[in-house]
Amino acid sequence: MFDEDVLVKDNFFDLELISQAWKECLDNDHKGQDFIDHHGIWKGQRVSRQQFIKKADTDISDGNNNFPPAIKKITDILLNEFADDISVREITFQQLYLPWDIHCDLTREDMNEKSIYKSKNNSEYVPFYNVLIPLHDVDSRTIIFDQKSTEYNDFWKFKKYNPKAINPVDESLWEEYLDMCWSEDREWLSIKKIMPPQQAGQLIAFRRHFFHSSDNFHKRNIANKHFLQFLLDKNA
Ligand SMILES: [Fe+2]
C-alpha cells in the first residue's frame, strides 16, 4: 500500500493513544532543544523546539524497548503498517513556532547509503518516508512540491543547479500559504500536493527527497503546532 509518493490517512490512530503520546512528549519537554534559524527566512529566531526520541547516530532510547509506552505503540503500528524490512531512523517531537521554509529531509546516512546502494543494486537509491503524526487539530498543512533532490536539503542549491518550473505555483496560492518564503522561490516550484489541515489521529507520509514546507500558519492566528516526525528507512 505504501508505494505512493505522498499519502494521508485520516483517523488512522486512536485518539486516546495520540493524546497519551502528546502527554509523554510534554512530560519530557526538558529534553528538547530549541532550533534557531541562522541563515534563512527566520534568521535569529526560534523556529521550533525539537525533542529527539530516537536518533540515528546516537541511539538515545537504547533500542525501541525504552520508548515511552504510547510512542512505542505508535512505532509498532507504523512498522507493522509499512511491512517488511523497515526501520526507524529517527523520531522527534516537534513544537513548531514558525513555519518551516522549503527543504527536504535527507539525512547524512542517506547521502552515504546512496552510493553503496547504487553499486549493490545498480539502481537509484530513493529515500523512504517522512511520517508526520499530528498531536492536535490545527488549521495548518504541509505543502509538498514536485521538485526533489537526493543530494542536498537546501532549496537555494536547487535553484542554483536547476531551471525555473514550467508550471510555477500560482501567485494567489503562494500568497495564501507560502508568503513567508523568499518570493523568488515560487518560480522554481510547482505543487505536488497541498495536505489537508493537520488533525489528531492522522497519518501523513511522503518520500523525504521531495521539497516541502509548512504553510504560513501565523496568518490564521495559530501560535504553534505539535506533531511527531518519524524518518523511516527501507533496508536495502
Ligand atoms: Fe521536513
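This is a short talk on one helix, the nonpolar core, a small sheet and one loop residue in a predicted model.

I'll start with helix α2, residues 69–81. At 1.5 Å a residue, its 13 residues should span 18 Å, and the end C-alpha atoms are indeed 18 Å apart, so expectation and model agree. Which residues of α2 are buried? They are A70, I71, I74 and L78. Looking down the axis of α2, you find these buried residues within an arc of 100°, so they line one face of the helix. The general background is that an α-helix has 3.6 residues a turn, so residues three or four places apart point the same way. On the face turned away from the buried side, α2 carries the exposed residues P69, D76 and N80.

What covers the buried residues of α2? The cover includes helix α1, residues 15–27, and the strands β3 (46–54), β4 (86–96), β5 (129–134) and β10. Just after α2 comes A83, with a positive phi of about 65°.

Next, the core. Nonpolar side chains tend to be buried together in soluble globular proteins. Here the largest nonpolar core has 48 residues. The members touching the most other members are A21, V131, I133, L228, F230 and L232. Strand β10 gives this core its largest share, five residues. Take A21 as an example: leaving out residues up to four places away in sequence, A21 touches A70, I71, I74, L135 and L228. Three of those names, A70, I71 and I74, you have already heard as buried residues of α2.

Now the small sheet. This is an open sheet of three strands in the order β7-β6-β9, with antiparallel pairing. Strands β7 (191–194) and β9 stand at the edges with a single partner strand each, so one side of each is left without a neighbour in the sheet. On average, neighbouring strands here are turned by 20° against each other, direction ignored. Strand β6, residues 142–148, is joined to β9 by four bridges. One bridge pairs T142 with S214 in β9.

Last, F217. Where is F217 found? It sits in the loop between β9 (210–214) and β10 (225–234). Is F217 buried or exposed? F217 is buried, because 23 other C-beta atoms lie within 10 Å, where 20 or more is the cut-off. Not counting residues up to four places away in sequence, F217 touches P99, V138, S140, I222 and K225. Along the chain, F217 and D139 are 78 residues apart, yet their C-alpha atoms are separated by 7.4 Å.

How values were computed
Residues are numbered from 1 along each chain as its sequence is written. This is a predicted model: local features need pLDDT of at least 70, side-chain atom pairs count only at pLDDT 80 or more; totals for chains, interfaces and linings use all residues. Helices (H or I, at least four residues) and strands (E, at least two) are DSSP runs, numbered from the N terminus. A residue is buried if 20 or more other C-beta atoms lie within 10 Å of its own, exposed if 12 or fewer, and partly exposed in between; C-beta atoms are placed from the backbone. Two residues are in contact if their C-beta atoms, placed from the backbone, lie within 7 Å. The expected span of a helix is 1.5 Å times one less than its number of residues. The arc is that of the directions from the helix axis to the C-beta atoms. A nonpolar core is a set of buried Ala, Val, Leu, Ile, Met, Phe, Trp, Tyr and Cys residues joined through C-beta atoms within 7 Å. Two strands pair if DSSP finds at least two bridges between them. Axes are lines fitted to C-alpha atoms, for helices over the stretch in contact, and angles run from 0 to 180 degrees between N-to-C directions.
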